[in-house]
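The following report describes a single protein chain, moving from one ion pair to the wider fold. The sequence and coordinates are shown first.

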Amino acid sequence: MGDLLDLLTVWMPRQRWYGTKGRDPRLTLVADWQLLAPRTRVLLVRDDAVTPAALYQVPVSQREPDAVLPGSLIGPAGDGLVWSDAVTDPDFTDLLFRLVSVGGPGSETVGGFAGLALSSAPAAAASEIPARVLSGEQSNTSIIFRPEGAEPVICKLFRQVNAGVNPDVELQSALAAEGATFVPAAIGEVRGTWSAASGETVTGSLAFAQEFFEGVEDAWRVALQAATAAHDFSEPARALGESVARMHVALAQTFPTVVPDAGVRSAVAAAWSRRLGIAVAEVPALAPFVQRIQEVYAEAAAAPWPPLQRVHGDLHLGQVLYTPSNGWVLLDFEGEPLRPISERRSPDLAVRDVAGMLRSFDYVSGAVADDDGAAVRAWVIAAQQAFVRGYAETVGPEQTAPDALLAACELDKAVYEAIYETRNRPDWIGIPLAAIGRLAPLKD
Ligand SMILES: Nc1ncnc2c1ncn2[C@@H]1O[C@H](COP(=O)(O)OP(=O)(O)O)[C@@H](O)[C@H]1O
Ligand SMILES: [Mg+2]
């Protein structure tokens, strides 16, 4: 197994889902499940290249070299075989499909790697199901199944895993079970059980399968096309506000909420300030705005707050699909990947999601070529206003957060973007900086 870990140390950093760019993994084996599929296993490996360490799920299989696509090759496995990424191995994908559609054990160790069917729909034939890995920028790996004579299914394999249920599974399957149509129907999940560093036996989410909407586009593309063509987006934006509001109402009814007492407020405000401190150190152009931003935060902290509740946590136009059957459908409830899992599972301000979407509309202005920017700016403002209107009409006045709180959440998100763009896409830094200038305008 040591040889395989050495191979993974070289292979993992080349994968899109590997989270620590620019550093070599320092891997330790945490679990190794021999699957009920030929020459296939799932490894859980801890990576100490970051603190706290990250835990990755890596399904691998031993195959004949010519059965393996170049991108799936991990390295030699002896006896003329090679280690490969099992997500492109039909033996693995057939097993995964069976686990999410029928349930039951998936590994020789009972309970190690096991499926749980969530849908009452009859399961399709469990072998030779056409399966394809979704291409594109993803922090996890999704496999699309197209069983003959049944609806297509998308199964997301979580690459970074944690003990406990993943909020993506927890929230979306609860919403789907209540009949919500603004999330895909839940099909099934896979859970693993392993020994944590503390010696404790823990269980965590490894995969989640949902209804797949064939041939649809995400809201980012729909919005870009509309902005480029200068098409009015008020009605779609209003309907999107309504979907987000229905999600918040349903989450508040299904999961516990938290009274925003002084302790809760100061913890949230402290998180805003902490992020601002990090941003100023990395983005010198923010310095003139710090005092004004702090004033907006102070005003928000003193305003009336609605109860905290479970939220989406990473809402933007790229996490929404436009479907002919269900209208806007919300995806990917994992929360911001950079936040610790405990924070991502905690009740939060619902208005953070509203702010996330407003910021996402603002990014359309940076992605659309326009002579002087005035036309696209007007498009963005109209879309944002329609979105907020659709949201407020649906949640009602009691649940609508005061403007000061929305402004603070938008600023906090823009401050996060300023850090992100400085690190990853310096050409885009103008977008969050301009937003900060509007949200915290300097006094003369
Ligand atoms: N149910 C679905 N139907 C159609 N496309 C989907 C579905 N779920 C996800 N996708 C596509 O896969 C992409 C990645 O899914 P997402 O859940 O956001 O994964 P990640 O956690 O890796 O970001 C989405 O942006 C969307 O384009
Ligand atoms: Mg996503």
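With which residue does Arg159 form a salt bridge, and how far apart are the closest N and O atoms? The model is a predicted one, and in it Arg159 forms a salt bridge with Asp85, with 3.9 Å between the closest N and O atoms. Arg159 lies in the loop between β10 (153–157) and α3 (167–177), whereas Asp85 belongs to strand β5 (residues 81–85), so the pair ties together parts that are 74 residues apart in sequence.

**The surroundings of Arg159**

Is Arg159 buried or exposed? Its relative accessibility is 0%, and Arg159 therefore counts as buried. Asp85 is buried as well, so that both partners of this salt bridge fall in that class because each has under 20% relative accessible area. Leaving aside residues up to four places away in sequence, Arg159 touches Trp17, Leu55, Tyr56, Gln57, Val58, Pro59, Asp85, Val87, Ser139, Asn140 and Thr141. By contrast, the C-alpha atoms of Arg159 and Glu299 are separated by 40 Å, with the two positions 140 residues apart along the chain.

**Salt bridges**

The salt bridges in the model number 27. Three of them are set out below.

| Salt bridge | N to O distance | Burial |
|---|---|---|
| Arg159 and Asp85 | 3.9 Å | both buried |
| Glu242 and Arg238 | 2.8 Å | both partly exposed (26% and 23%) |
| Arg339 and Asp348 | 3.3 Å | both buried |

Where do Glu242 and Arg238 lie with respect to each other? They are four residues apart in helix α5 (residues 234–254), and about one helical turn separates them. Glu242 has a relative accessibility of 26% and counts as partly exposed; Arg238, with a relative accessible area of 23%, is also partly exposed.

The side chains of Arg339 and Asp348 meet at 3.3 Å, N to O, and both residues are buried. These two residues also belong to a network of salt bridges that links Arg275, Glu336, Arg339, Glu343, Asp348, Arg352, Asp412 and Lys413.

**An open antiparallel sheet**

In which order do the seven strands of the open sheet stand? The order is β6-β7-β11-β12-β10-β9-β8, and the pairing is antiparallel. The edges are taken by β6 and β8 (131–133); each has a single partner strand, so one side of each is left without a neighbour in the sheet.

Starting at the β6 edge, strand β6 (residues 104–105) pairs with strand β7 (residues 113–117) over two bridges in the antiparallel sense. Here Gly104 stands opposite Gly115 of β7. Five bridges, again antiparallel, connect β7 with strand β11 (residues 186–195), where Gly188 is the bridge partner of Ala117. Elsewhere in the sheet, strand β9 (residues 141–145) and β10 pair over five bridges in the antiparallel sense, and Phe145 stands opposite Val153 in β10. Strand β10 also borders the loop in which Arg159 is found, since that loop runs between β10 and α3.

**Helix α12**

Which residues of helix α12 (residues 430–439) are buried? They are Ile431, Pro432, Ala435 and Ile436. These residues cover an arc of only 130 degrees around the axis, which puts them on the same side of α12. The cover over the buried residues of α12 includes α7 (290–302), α9 (351–367) and α11 (403–424).

**The chain as a whole**

Twelve helices and 15 strands make up the secondary structure of the chain. Its radius of gyration is 23 Å, close to the 22 Å that the globule rule gives for 444 residues, so the chain is as compact as a globular protein of that length. Along its principal axes, the C-alpha trace spans about 75 × 50 × 45 Å.

What share of the 444 residues counts as buried? The figure is 51%. The chain exposes about 19,700 Å², of which carbon and sulfur atoms supply 55%. Among contacts between residues at least 6 apart in sequence, 65% join residues at least 24 apart. The salt bridge between Arg159 and Asp85, with which this report began, likewise ties together parts of the chain that are distant in sequence, because its partners lie 74 residues apart.

Note on methods: Residues are numbered from 1 along each chain as its sequence is written. Chains are lettered from A and ligands numbered from 1 in the order in which they are written. This is a predicted model: local features need pLDDT of at least 70, side-chain atom pairs count only at pLDDT 80 or more; totals for chains, interfaces and linings use all residues. Side-chain values use heavy atoms; hydrogens and water are left out. Buried means under 20% relative accessible area, exposed over 50%, partly exposed in between (1.4 Å probe, protein chains only). The arc is that of the directions from the helix axis to the C-beta atoms. Contact means heavy atoms within 4.5 Å. A salt bridge is a side-chain nitrogen of Lys or Arg within 4 Å of a carboxyl oxygen of Asp or Glu. Two strands pair if DSSP finds at least two bridges between them. The radius of gyration is taken over C-alpha atoms; the globule rule is 2.2 Å times the number of residues to the power 0.38. Accessible areas come from the Shrake-Rupley method with a 1.4 Å probe; for residues, only the protein chains shown count as cover.
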